[in-house]
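User: Could you take a close look at the metal sites in this one for me? I'd like to know what holds them and how they sit in the rest of the fold.

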Amino acid sequence: MVQVANAPKLLDLSKLAAFVDPLPIPSIAKPMGRRQAPKSGSVTVPFHRIPVRECFSKIHRDLPATRFWGYGGSVPGPTIEARSGEGVLVEWMNELPLKHFLPIDHNLMGAEKGQPEVRTVVHLHGAKASPENDGYPEDWYVPGKSRTYHYPNGQDPALLWYHDHAMGINRLNICAGMAGLYIVRDAVEEALNLPSGVYEIPLVFMDRLIRADGQIYYPVSQRPEMPWVPEYFGDAVLINGKLLPYLEVEPRRYRFRILNASNGRFYFLSLSNGQPFQQIGTDQGLLESVVEVKRLALAPGERADLVIDFSNQAGEEILLNNLAVSPMQFRVARQRSGTDSSSLPKTLRQVPKIPESAAVRTRRLTLEEFDDLAAEPVTHLLDGKRWHEPISEKPVIGSTEIWEFVNTTDDSHPIHLHMVRFQILDRRPFDVPDFLVNRKLVYTAPPVPPEAFEAGWKDTVRVSPGSCTRIIVKFEGFVGRYVWHCHILEHEDNEMMRPYEVVAG
Ligand code: C2O
Ligand code: CU
Ligand code: CU
């Protein structure tokens, strides 16, 4: 761990009253009307206007309000509801101040001295959008400006999320609060009759370091020449923007739509009474069938769709634990307000397996860490290349490829590809020292198939340390330039991101 310079006095979480604030539910974004979608004749779609601005919000009853930068003036931002096959237009307005309140490292690509300090561009994570609507990291704009993006939603129902993607300061902008949910629905999923309405609850996890005065702390390293820190971890876990919240539930089934919007923290969620979760979906929508999980792993950028049945827990208090110190509490009422007419069908949706034989090529891509003399990381690279090197991944539109991520580091890196969804083939340990010398993969154990809860459509995959993790991707959608990157935001901001280009056949 890089030594941190001059840490201020931090909040002592053990002195904070637990479970005094109800869990807030992000508001639902209201369209301003309808507008014509680009290149679609007279078809009109809902039009949203969402500003991002500085706001102050109480993360806990006993703390002063915390400064954030939030979409719609809240953290998380308003949830956008969309229908599969029906487009949405969003004008994303940058109404931020001109100075950043978190420490910029001008050594990082795109954040050099002379660039405007405050810049933003919005990416809808998990969306199949055209390149000009995807939020390319260099497409940022300054306060006072806006961009209107079109999301066609030509994709299966899923929990997506929008967040900042500005080159070199993405980790700071998201840490400042720039994230929100986007839910795609369709009639097929609705016909399953899963818990809905007030019984469908989003949970957005973001960990922060909070100073004793209630404000966000983002550390800088002790290296004066390089303030960047390789990871950001806080012991204060905000759930929908609150610290140690509680949620009153009825003794019945609930559906939870969970997002890890943290910079670098992995969550391992479990219930204090040992009860398992029924997992029904992952990043890109429903699993084929329900999977029972006792401990849910969630890397930055990943989502999970869970059902918890509280019907045998009337009157109980249950904690939703994670490995960080701040859990949340479910308070189960003694009575239901009515009968629970929801269902939890065993089979949910078809997820046809892409056969390996469908792949026209396999790309081997390394994940490597580079350290300074004190063995502190200075950067992580994908395929040994920096952001500005020429594009090397150019899949043909409509073709299927296998990408194998060869992780030579000691960390797990969540790798995300824009625009596409994929399936995980397997993870296989290899001899790392041997690979570093000979550049040959010598496997040390048989391949391990994905966990049942990640055997659906994914857009972010955990690449475990010392493993070769393989995914299979069909490059459907749009031609043009996108990015793929590690979703640990400190890594992403410091070269662990590469462009890729879908090319015409
Ligand atoms: Cu969650 Cu490149 O994004
Ligand atoms: Cu994305
Ligand atoms: Cu990483």
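Analyst:
**The copper sites and their surroundings**

Of this protein's 505 residues, 59% count as buried. Keep in mind that we're looking at a predicted model, so the values below are computed from it. The fold has 32 strands along with 4 helices.

Let's go to the metals. For the copper ion (ligand 2), the protein donors are the NE2 atoms of His123 and His416, lying 1.9 Å from the ion. Those two histidines come from distant parts of the chain: His123 is in strand 7 (residues 122-125) and His416 is in strand 27 (residues 413-417), 293 residues apart. Both His123 and His416 are buried.

Now for the copper ion (ligand 3). Its donors are His413 through ND1, Cys486 through SG and His491 through ND1, at 2.0 to 2.1 Å. Read along the chain, the donors of this ion follow the spacing H-x72-C-x4-H. Here too a pair links distant parts of the chain, with His413 in strand 27 and Cys486 in strand 31 (residues 480-486), 73 residues apart. Are these two buried or exposed? His413 has a relative accessible area of 0%, so it is buried. Cys486 also counts as buried because its relative accessibility is 0%. Strand 27 is worth a second glance, since it holds His416 as well as His413.

A bit further along is Phe422, in strand 28 (residues 422-429). With a relative accessible area of 0%, Phe422 is buried. Leaving aside residues up to four places away in sequence, Phe422 touches a set that includes Ile415, Leu417, Trp457, Val461, Ile471, Ile472 and Val473. Met496 is another matter: its C-alpha atom is separated from that of Phe422 by 20 Å, with their positions 74 residues apart along the chain.

How does that fit the whole molecule? Among contacts between residues at least 6 apart in sequence, 77% join residues at least 24 apart. A compact globule of 505 residues would have a radius of gyration near 23 Å, and the protein's 22 Å agrees with that. Taken along the principal axes, the C-alpha atoms fill a box of roughly 65 × 55 × 55 Å. About 19,200 Å² is exposed, and carbon and sulfur atoms supply 52% of it. As for charge, the mean positions of the 55 positive and 62 negative charges are 4 Å apart.

A few loop details round this off. Ser342 is in the loop between strand 23 (328-332) and strand 24 (361-371), and its relative accessible area of 11% makes it buried. Ser342 touches Asn193, Leu194, Pro195, Arg252 and Arg253, not counting residues up to four places away in sequence. The C-alpha atoms of Ser342 and Ser196 are separated by 7.9 Å, although the two are 146 residues apart along the chain.

Asn193 has its own quirk, a positive phi of about 60° in a residue that is not a glycine. Asn193 sits in the loop between helix 2 (187-190) and strand 11 (200-210), and at 33% relative accessibility it counts as partly exposed. Phe19, not a glycine either, also has a positive phi of about 60°. Phe19 is in the segment before strand 1 (21-22) and counts as buried at 16% relative accessibility. Finally, Val75 and Pro76 are joined by a cis peptide bond with omega of about -5°, and Pro76 lies in the loop between strand 4 (66-71) and strand 5 (77-83). For context, most residues other than glycine have a negative phi, and most peptide bonds are trans.

Key. Residues numbered from 1 in each chain as written. Chains lettered and ligands numbered in written order. Predicted model: local features only at pLDDT ≥ 70, side-chain atom pairs only at ≥ 80, totals over all residues. Heavy atoms only, no water. Donors = N, O, S within 2.8 Å, 3.2 Å for Na, K, Ca; no water. Buried < 20%, exposed > 50% of the residue type's maximum accessible area, 1.4 Å probe, protein only. Rg over C-alpha atoms; globule rule 2.2 N^0.38 Å. Contact = heavy atoms within 4.5 Å. Areas by Shrake-Rupley, 256 points an atom, 1.4 Å probe, with all protein chains shown as cover. Lys, Arg positive; Asp, Glu negative; His and termini not counted. Charge placed at Lys NZ, Arg CZ, Asp CG, Glu CD.
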